[in-house]
Amino acid sequence: MFVIVIVRHCGDFDRGRNDLGQLGNGSREHSEKLRFTTGFRHRIIQVSAGSQHVVALTREGNVIAWGGNRKGQLGDGQFTSSCEAKVIVQLRHRPVVGIA
C-alpha cells in the first residue's frame, strides 16, 4: 500500500511501499513516514492510482504515469516499472480532459 498527496506549487507527500517505484520520487526505497518530495516537475491537476502504479493528468494536458508496469499499466508500450513519472507519448497533443 502507498499514499501520494499532491500539493499545489510545492511537490508531493508520499509514504508506503515503493519496490516498483509507486511513489514516483526517483527511488525504490520504502517510506514508513509521510515525507515531502520536492522537485516534481509536473503540475498535476488530477491523479488516479492502481494497486502498484499511478496515472496523472498535468495542467499542460499531458498524461504521466509511474510505478509497476508488469502488465503494461503505464501505457508506454513497455513492461518495465518506472520510479519516475513518464509522459505517455501516445497521448501527447490529444485533448485529454480527465482520468479515472
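## Exercises on a predicted all-strand chain

Strand β5 (residues 53-58) and strand β6 run antiparallel and are joined by five bridges. The model in which they appear is a predicted one, and the exercises below start from this pair.

**Exercise 1.** Determine which residue of β6 is the bridge partner of Ala56, and place the pair β5 and β6 in its sheet.

*Solution.* Begin with the single bridge: Ala56 has Ile64 of β6 as its partner. Next, recall that strands of a sheet pair through backbone hydrogen bonds, either parallel or antiparallel. Then widen the view to the open sheet of four strands, whose order is β4-β5-β6-β7 and whose pairing is antiparallel. Its edge strands are β4 and β7, each of which pairs on one side only. Finally, from one strand to the next the twist averages 20 degrees.

**Exercise 2.** Count the helices and strands of the protein chain, and state where confidence is lowest and where it is highest.

*Solution.* The count gives zero helices and seven strands, so that, read from the N terminus, the elements run β-β-β-β-β-β-β. For confidence, start with the whole protein chain, which averages a pLDDT of 79, with 70% of the residues scoring at least 70. Strand β2 (residues 11-16) has the lowest confidence, at a mean of 61, whereas β6 has the highest, at 90. A reader should keep in mind that where pLDDT is low, the predicted coordinates should not be read in detail.

**Exercise 3.** Decide whether Phe79 is buried or exposed, and find which residues it contacts beyond its neighbours within four places in sequence.

*Solution.* First locate Phe79, which lies in the loop between β6 (63-67) and β7 (82-87). Its relative accessible area is 59%, and because exposed means over 50%, Phe79 counts as exposed. Once neighbours within four places in sequence are left aside, Phe79 is in contact with Asn69, Arg70, Lys71 and Gly72. As a last step, compare sequence with space: Phe79 and Asn69 are ten residues apart along the chain, and their C-alpha atoms are separated by 5.1 Å.

**Exercise 4.** Describe the surroundings of Ser48, and find which backbone oxygen lies 3.2 Å from a polar atom of its side chain.

*Solution.* Ser48 has its place in strand β4 (residues 44-49). Not counting residues up to four places away in sequence, Ser48 touches His53, Val54, Val55, Ile99 and Ala100. Among these, Ala100 supplies the backbone oxygen that lies 3.2 Å from a polar atom of the Ser48 side chain.

Definitions and conventions:
Residues are numbered from 1 along each chain as its sequence is written. This is a predicted model: local features need pLDDT of at least 70, side-chain atom pairs count only at pLDDT 80 or more; totals for chains, interfaces and linings use all residues. Side-chain values use heavy atoms; hydrogens and water are left out. Helices (H or I, at least four residues) and strands (E, at least two) are DSSP runs, numbered from the N terminus. Buried means under 20% relative accessible area, exposed over 50%, partly exposed in between (1.4 Å probe, protein chains only). Contact means heavy atoms within 4.5 Å. pLDDT is the predictor's confidence in each residue, from 0 to 100. A polar contact is a pair of N or O atoms within 3.5 Å; within protein, one must be able to donate a hydrogen and the other to accept it, and residues adjacent in sequence count only if both atoms are side-chain atoms. Two strands pair if DSSP finds at least two bridges between them. Axes are lines fitted to C-alpha atoms, for helices over the stretch in contact, and angles run from 0 to 180 degrees between N-to-C directions.
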